[in-house]
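This report walks through the strands, cores, ring contacts and backbone details of one protein chain. Please keep the sequence and the three-dimensional view at hand while reading.

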Amino acid sequence: MYKTLSILALWAFSLAMFAETFPSFEISYDAKDGTGEEKTGQDPYEGSAPITATFHVSFYNADDWTVNYEWRFCHEDGSFDDPYMIRYEESPVIVFTQGGMDKIALYVTFSKEGHQPIVCTEEYWKVEKMPLTIKTSESELSMPNAFSPNCDSRNDTYKPKSFTSIVEFRAIIFNRWGQKLYEWNDVTADGWDGTFNGSPVKQGAYFCLVNAKGADGRIFQFKKDVNLLRTYDENYEENGSGELK
C-alpha cells in the first residue's frame, strides 16, 4: 500500500513539474481609432472606424519550443472554425472598417524534438481562454448650423459637430448664388474657416452639401444652412459644450 502511495505521489509530482514547464501564451492589442483615441490591453475595445490594431503575443516557458502562429478573425456571430481571415505573422496589423464586433484568437502549435506537439486551437479557445474583441461603432454624423470665425478660439471653423465611424466624407460650401467657396474630404480636418481666396466672406447664410458613408454602410446625404456669425448673436443659444447649435 505504501509503495502504491509513493508511486502515486511521484506521478502527481511529475505532473506538477510538467505543468510548471508547459508552454503557454497570452494575446493583447494596441489599437487606435479614427478619432485618435488609443488603448492597449486585453479588454473589449470599441472605437470609431477606421480602427488600426496591432496584435501581440506573450509566451511563457516556451524558450525551447518552436511556435507556429495562426491568427483567426471572425465576426460576432461567426465561428473560428470558419474565420473570414487568417494571418500567420507574429504581430499582424489589421484595419477594421466594417461596423460591428470582431473576435480574434491565436491558434498556436508548440513543437519540440522528442516531444509530442502541443496544440492550442479549438478546444483551447472554447475552454481555456476568451478571445479578444474589437467593436467598430455604428456610424453617426452631425453638422452644426452656425459658426463664428472671429478668432476667439471658439467655433472658428465649420466642421462636423460629432462623428463616429465615418470612412468616406465630402463637404462643399456654397454661397447663396451657388458659387463653391470651399471643399474638404477629411472628416477629421478643421473644415471651413469662413474665407474665400484668402479673404473673409461676409456674415450671413451659406450652404453646406455633405455626402458621407459610415463603416456600417449607412449613407449620409444632406444640405445644411450655415449661418456665419462674425459677432455674437443672442438668438443662437449655446449647448453644454460651448458650441453653437
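## Sheet of five strands

In this predicted model, strand β18, which covers residues 204-214, runs antiparallel to strand β19, residues 219-228, and ten bridges join the two. One position that can be picked out in this pairing is K213, which stands opposite I219 of β19. As a general point, the strands of a sheet pair through backbone hydrogen bonds, and the pairing may be parallel or antiparallel.

Both strands belong to an open sheet of five strands with the order β12-β19-β18-β14-β15, in which the pairing is mixed. The edges of this sheet are formed by β12 and by β15 (180-184), each of which pairs on one side only.

## The largest nonpolar core

The largest nonpolar core of the model comprises 31 residues, and those with the most contacts inside it are F25, F55, F96, L106 and F110. At least two residues of this core come from each of β1 (24-32), β4 (51-60), β5 (66-75), β7 (93-96), β8 (100-111), β9 (118-120), α2 (122-128) and β10 (132-136). The largest share is that of β8, which supplies six residues.

Which residues does L106 touch, once its neighbours within four places in sequence are left aside? The contacts of L106 are with F25, I27, V57, Y69, E70, W71, C120 and W125. There is also a second, separate core of 20 residues, which includes L181, W184, V187 and C208.

## I51 and the pairing of β4 with β7

I51 is found in strand β4 and has a relative accessible area of 0%, so it counts as buried. Leaving aside neighbours within four places in sequence, I51 is in contact with A31, K32, D33, Y45, I94, V95, F96, I134, K135 and T136. I51 and S137 are 86 residues apart in sequence, while their C-alpha atoms are 9.9 Å apart in space.

Strands β4 and β7 run antiparallel and are joined by four bridges, and in this pairing I51 stands opposite F96. The side chains along β7 alternate, with I94 and F96 pointing to one face and being buried, whereas V93 and V95 point to the other face and are not buried.

## Aromatic rings and charges

The structure holds 17 aromatic pairs. How are the rings of F59 and F110 arranged? Their centres are 5.9 Å apart and their planes stand at 80°, so this pair is edge-to-face. Because F59 lies in strand β4 and F110 in strand β8, the pair ties together parts that are 51 residues apart in sequence. F59 is partly exposed, with a relative accessibility of 26%, whereas F110 is buried at 0%. F59 and F110 are also members of one aromatic cluster that is formed together with F25, W65, Y69, Y124 and W125.

Two lysines can be described in relation to aromatic rings. K103 lies over the face of F80, at 5.6 Å from the ring centre, and the charged end of K223 sits over the ring of F207, 5.0 Å from its centre.

## Backbone details in loops

A cis peptide bond, with omega of about -5°, joins A49 and P50. P50 itself lies in the loop between β3 (45-47) and β4.

N155 is not a glycine, yet it has a positive phi of about 55°; this residue is found in the loop between β12 (146-147) and β13 (162-164). Is N155 buried or exposed? With a relative accessibility of 19%, N155 counts as buried, because the cut-off for that class is under 20%. S165, likewise not a glycine, has a positive phi of about 55° and is placed in the loop between β13 and β14 (166-174). S165 is buried, with a relative accessible area of 0%.

## Cysteines

How many disulfides does the model contain? The count comes to zero, where a pair of cysteine sulfur atoms would have to lie within 2.5 Å to be counted. Two cysteines show how exposure can be assigned in this model: C151 is exposed, with a relative accessibility of 74%, whereas C208 is buried, at 0%. C208 is also one of the residues included in the second, separate core.

Definitions and conventions
Residues are numbered from 1 along each chain as its sequence is written. This is a predicted model: local features need pLDDT of at least 70, side-chain atom pairs count only at pLDDT 80 or more; totals for chains, interfaces and linings use all residues. Side-chain values use heavy atoms; hydrogens and water are left out. Buried means under 20% relative accessible area, exposed over 50%, partly exposed in between (1.4 Å probe, protein chains only). A nonpolar core is a set of buried Ala, Val, Leu, Ile, Met, Phe, Trp, Tyr and Cys residues joined through side-chain atoms within 4.5 Å. Contact means heavy atoms within 4.5 Å. Rings of Phe, Tyr and Trp (its six-membered ring) pair if their centres lie within 6.5 Å; planes under 30 degrees apart count as stacked, over 60 as edge-to-face and the rest as tilted. A charge sits over a ring if NZ of Lys or CZ of Arg is within 6 Å of the ring centre and within 35 degrees of the ring normal. Two strands pair if DSSP finds at least two bridges between them.
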